[in-house]
Amino acid sequence: MGKGSGTPRLSAAGGGPKPGAPTRRPQNGPVSWDHTPPPTLFTGCHPAVLADCRGRVVAVDEDALERGRGSAVVVEVEGRAWPGLGDAHLHLHELVGLRLGLDLRSARSLEEAIQTVRAAGRSAPEGGWITGTGWNERNWTDHGVPTRQALDEAAPGRPVLLSSHDEHTVWASSRALEMAGITAELPDPADGIVERDPDGVPNGLVRECLRLFAGLVPAPGRDQYEQTLAEVLLELARLGLCSVHTMDPPETLFALQRLRERGRLPLRVVVNLPADQLDSAAELGLRGGWGDPLLRVFGVKAFLDGSLGSGTAEMLGGGGVARLSDAALDDLIRRCSAAELNPCLHAIGDGAVHRALVALERHAGAWPGWRPRIEHAQLVDPDDLPRFLRAGAVASMQPAHAPSDRRVADERWGDRTAHAYAWSWLAAAGVPLAFGSDAPVESPDPLLGLAAATSWRRTASWHPELALTEDQALAAYTAGVAYAAGLEGEQGRLLPGYRCDLTLVKDGRVVGTVIDGQLVDGG
């Protein structure tokens, strides 16, 4: 994270009193034995913000300065004070995995990726798994092809499992394929693809079927996982994020609860559980909104298709992989509504988006907290635009995908890119936008996402009419993120009564993050 020219600092009152302790008023006032902590005034930024002891905004701008004078603990910061930025879609579990396994994002050739695996094989325990993520053959300058034979040569006899940058394809060694029962005799699953050599033997690439390896790769220890998760969360806060919505398995929720209990959550986390946990959640009576202001459950994530990069996005007119049938989708939405957990439907291709909206429209308003989401919505057919409104669906999108995907989108979608990553088109129609990153697929840095949503399209001359203004993009990263979790009355705006979450930005860099009126990171 970049640093500004100064560091946030407190007035003579220091870091403020602990609740219940006698306090000295900060601006040379008399000793006070009032057990109520004083408000906090963030000044030096624009606008100034006054927060009460509960972490709620009391006043903004000149009103904050006037009301805070002589009574508040003064925290001097700098830059622009934005409502706290959020990320409506990322994967904490995968961000942890990126730190615990091989990080192949920087590999620029097949040989470079193989060298990384070879080095890991020399240091890993005999026979142990080698795992990693982030490889992208489209970035390889040698035009290499990932195969099981390449991994077998680099780590003979070892099970190797490497997820692609978009997490929709895995590259596996012969030993890993054998342990998963993926053989020439195994037919392709209905919801995925096993790539094969001409003789029918699996070649090492498996698309949309990571589940075939479930239970085979040893999980990290609980303490290691929790500590790594804490490091990931702190780094996200340093990037200026005040809240994140994560799509993760139960072990992540478990670790988040332990961190919450120990006071180690530096930002707000909204959890969306995988669809295969819906019945368990319903049996427990777990509803959307369960939790507290720092950690809560909202909905259920389900996949309708794959991804653009893996060639598995479901397209109108054919193509791609339909990971959930219409009947199964309808049943999922019905069960989500009964459990009062909102469906968060992964849909990238226009075929998947169409099916998602048709199904959601049938159940629109099924319960008072109805707030369904289309995750990604990278390609939307114009005829489906009204369905967003009739279904009451949020478009949960990740602007940084557009610069990364432009080349392959032009190759595979052609003229349809006129309504791909169509932020301004959706916004003009009144569709609620909630922006995020899909990290680790893209960087979690929200400033990169803001640039992609605004200036990048014009600079790249790629459908510039679909770009947003800075105010629109900022709203999608703040109020939009809050709305996508049913928290629009609590977060995402600098208004009295809202939670005092701030992202402080100066010269295009984050210089501070504030959660509930407390400075988390000062640069």
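Is D331 buried, partly exposed or exposed? I'll start there. This is a predicted model, so please keep that in mind throughout. D331 has a relative accessible area of 28%, and is therefore partly exposed, since the partly exposed class lies between 20% and 50%.

Its partner is R334, and the two side chains meet in a salt bridge, with 2.3 Å from N to O. R334 is partly exposed because its relative accessible area is 44%. Both residues sit in helix α9, which covers residues 326–339. D331 and R334 are three residues apart, about one turn of that helix.

Next, a pair between two helices. E153 forms a salt bridge with R118, and the closest N and O atoms are 2.6 Å apart. E153 belongs to helix α4, residues 148–154, while R118 belongs to helix α3, residues 110–123, so this salt bridge ties together parts that are 35 residues apart in sequence. How does each end stand in terms of accessibility, buried or exposed? E153 counts as partly exposed because its relative accessibility is 48%. R118 counts as buried, because its relative accessibility is 18% and the limit for buried is under 20%.

A third pair is E66 with R69. Here the closest N and O atoms of the salt bridge are 2.9 Å apart. E66 and R69 are both exposed.

As background, side chains of opposite charge can pair when their charged atoms come close. How many salt bridges does the model contain? The count comes to 39. Some residues are linked in a network rather than described as a pair. One such network of salt bridges links R56, R268, E490, R499, D501 and D516.

Now to a sheet. Six strands form an open sheet, and their order is β9, β10, β11, β12, β14, β13. The pairing in this sheet is mixed. Which strands stand at the edges? They are β9, residues 102–103, and β13, residues 193–196. Each has a single partner strand, so one side of β9 and one side of β13 are left without a neighbour in the sheet.

Within the sheet, take β10 and β11. Strand β10 spans residues 130–135 and strand β11 spans residues 160–164. The two run parallel and are joined by five bridges. As for individual positions, W135 stands opposite S164 in β11.

To go back over the pairs: D331 with R334 lies in one helix, α9. E153 with R118 joins α4 and α3. E66 with R69 is exposed at both residues. That is what I have.

Note on methods:
Residues are numbered from 1 along each chain as its sequence is written. This is a predicted model: local features need pLDDT of at least 70, side-chain atom pairs count only at pLDDT 80 or more; totals for chains, interfaces and linings use all residues. Side-chain values use heavy atoms; hydrogens and water are left out. A salt bridge is a side-chain nitrogen of Lys or Arg within 4 Å of a carboxyl oxygen of Asp or Glu. Buried means under 20% relative accessible area, exposed over 50%, partly exposed in between (1.4 Å probe, protein chains only). Helices (H or I, at least four residues) and strands (E, at least two) are DSSP runs, numbered from the N terminus. Two strands pair if DSSP finds at least two bridges between them.
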